[in-house]
Amino acid sequence: NAKELGRNRCAHFSSEMHARMVERTQLAGEILKGLDRGEFIAHYQPQFDARTLELVSVEALVRWQHPDRGLVYPDQFLGVAGDIGVLRRIDRTVLQRVFADRQQWQAAGLTPPRVSVNISSHRLRDHDLVTDIRDAGLPPGALTMELLESIFLDDADTAVQWTIDQLREMGVGVELDDFGTGHASIVGLIRLRPDGFKIDRQFVQPITASPENLTLVRSMIEIGHSLGVRVVAEGVETAEHVRLLADSRCDILQGYHFARPMPAEALVAFTSGEAWKQAG
Ligand code: C2E
Ligand code: MG
Ligand code: MG
Ligand code: MG
């Protein structure tokens, strides 16, 4: 009967929830261990000038080199990391990795490209962030911080504003990530005056499917240019995407069409091969 059915469904639901909780608790423990053991690294995805197709920068994307699970992607652990309050530790680890990888690139004879680093709002409230970057002694223009626009919706956030001002003074760029997915994209742009923004791939990918989608992306690019900021397209997967975006005067392109995120060592071979010029 219905009552029994309801009870069974409820029991089923709660055992599923229980299993999920156990899994998350286990994952949390492993994240902490992984942080202690230095298992979090950065992979790098190249970004290209849309006109010249030259490699102009790379985005650092965190990866977890788990001893049993193999390479774990951020969507598998950032949620739990946020729940247990270690996002800032992960971000700090990744930034230290970026500094070390830059030195490796230099040692291998590669002039390090600009590196974009994703930064959580927690990390942005750490005073450490500014001192870590200052201590690294990078030349101006070597780093860009990718921020989610949700960070700027809070009017009273003087800590965030202070950090951003300090970053600017050190020649660190600021970009809004996943532009268009939040609720106040334009507000975020006006308030923060970033150096650029990244159009989320959910807008970029369908530009080949309908003229309306292309019009939307073109409008975003125009907004960026009228505010004097650079516009990056994420999720560029086809030659047709490249053509339409370049025609629309998008500044920088990033996506699987050119290259997937790769380990630091692989970037040296990639840049010397100039393989992307054919890809365009
Ligand atoms: P995001 O910053 O918007 O990064 C873009 C994501 O799209 C990356 O996924 C990238 O691998 C993927 N991608 C790039 N090109 C293409 C393409 O052509 N097609 C498709 N389908 N996907 C593409 P990933 O590496 O799994 O990172 C996911 C998200 O995790 C990032 O989104 C970012 O929000 C976050 N994240 C990554 N690294 C860090 C980090 O060090 N700190 C923090 N706080 N967040 C990070
Ligand atoms: Mg990003
Ligand atoms: Mg993004
Ligand atoms: Mg994203």
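**Figure 1. Thr215 in the predicted model.** At a relative accessibility of 49%, Thr215 counts as partly exposed, because the partly exposed class ends where the exposed class begins, at over 50%. Thr215 has its place in helix H9, which is made of residues 211–226. The structure shown here and in the other views is a predicted model. Although Thr215 and Glu175 are 40 residues apart along the chain, what this view adds is their separation in space, which is 23 Å between the C-alpha atoms.

**Figure 2. The protein chain as a whole, as a setting for the close-ups.** The protein chain has 12 helices and 10 strands, and of its 280 residues 46% count as buried. When contacts between residues at least 6 apart in sequence are considered, 66% of them join residues that are at least 24 apart. The accessible surface of the chain comes to about 14,300 Å², and carbon and sulfur atoms account for 51% of that area.

**Figure 3. The largest nonpolar core and Met145 within it.** In soluble globular proteins, nonpolar side chains tend to be buried together. In this model the largest nonpolar core has 71 residues, and those with the most contacts inside it are Ile31, Ile133, Leu143 and Met145. Helix H3, running over residues 87–107, gives the most to this core, contributing six residues. If the neighbours of Met145 within four places in sequence are left aside, the residues in contact with Met145 include Leu95, Val117, Ile119, Ile133 and Leu167, and the list also holds Val172, Gly173, Val174 and Glu175.

**Figure 4. The site of the magnesium ion (ligand 2).** Four residues of the protein supply donors to the magnesium ion (ligand 2), namely Glu59 through OE, Asn118 through OD1, Glu146 through OE and Asp177 through OD, at 2.0 to 2.2 Å from the ion. Glu59 lies in strand S2 (residues 55–66) and Asn118 lies in strand S4 (residues 114–118), so this pair ties together parts of the chain that are 59 residues apart in sequence. Along the sequence, the spacing of the donor residues can be written E-x58-N-x27-E-x30-D. The two strand residues can also be described by their accessibility: Glu59 counts as buried at 5%, whereas Asn118, with a relative accessible area of 25%, is partly exposed. The magnesium ion (ligand 3) is 4.0 Å from the magnesium ion (ligand 2), and Asp177 coordinates both ions.

**Figure 5. The surroundings of ligand 1.** Ligand 1 is surrounded by 23 residues, of which the closest are Arg63, Asp91, Arg201, Glu237 and Tyr256. In the side chain of Arg63, an N or O atom is 2.8 Å from an oxygen atom of ligand 1. For Asp178, a polar side-chain atom lies 3.0 Å from an oxygen atom of ligand 1, and for Arg201 an N or O atom of the side chain is 2.8 Å from an oxygen atom of the ligand. Taken alone, ligand 1 exposes 810 Å², and the protein buries 84% of that area.

**Figure 6. Glu39 in a loop.** Glu39 lies in the loop that is found between helix H1 (2–36) and strand S1 (40–49). With a relative accessible area of 10%, Glu39 is buried, because buried means under 20%. Not counting residues up to four places away in sequence, Glu39 touches Gly34, Arg63, Trp64, Gln65, His66 and Pro67. Arg63 therefore appears in two of these views, since Arg63 is also among the closest residues around ligand 1.

Notes: Residues numbered from 1 in each chain as written. Chains lettered and ligands numbered in written order. Predicted model: local features only at pLDDT ≥ 70, side-chain atom pairs only at ≥ 80, totals over all residues. Heavy atoms only, no water. Helix = DSSP H or I, 4+ residues; strand = E, 2+ residues; numbered from the N terminus. Buried < 20%, exposed > 50% of the residue type's maximum accessible area, 1.4 Å probe, protein only. Contact = heavy atoms within 4.5 Å. Areas by Shrake-Rupley, 256 points an atom, 1.4 Å probe, with all protein chains shown as cover. Core = buried A, V, L, I, M, F, W, Y, C linked by side-chain atoms within 4.5 Å. Donors = N, O, S within 2.8 Å, 3.2 Å for Na, K, Ca; no water. Near = heavy atom within 4 Å. Polar contact = N/O pair within 3.5 Å; in protein donor to acceptor, adjacent residues only side chain to side chain.
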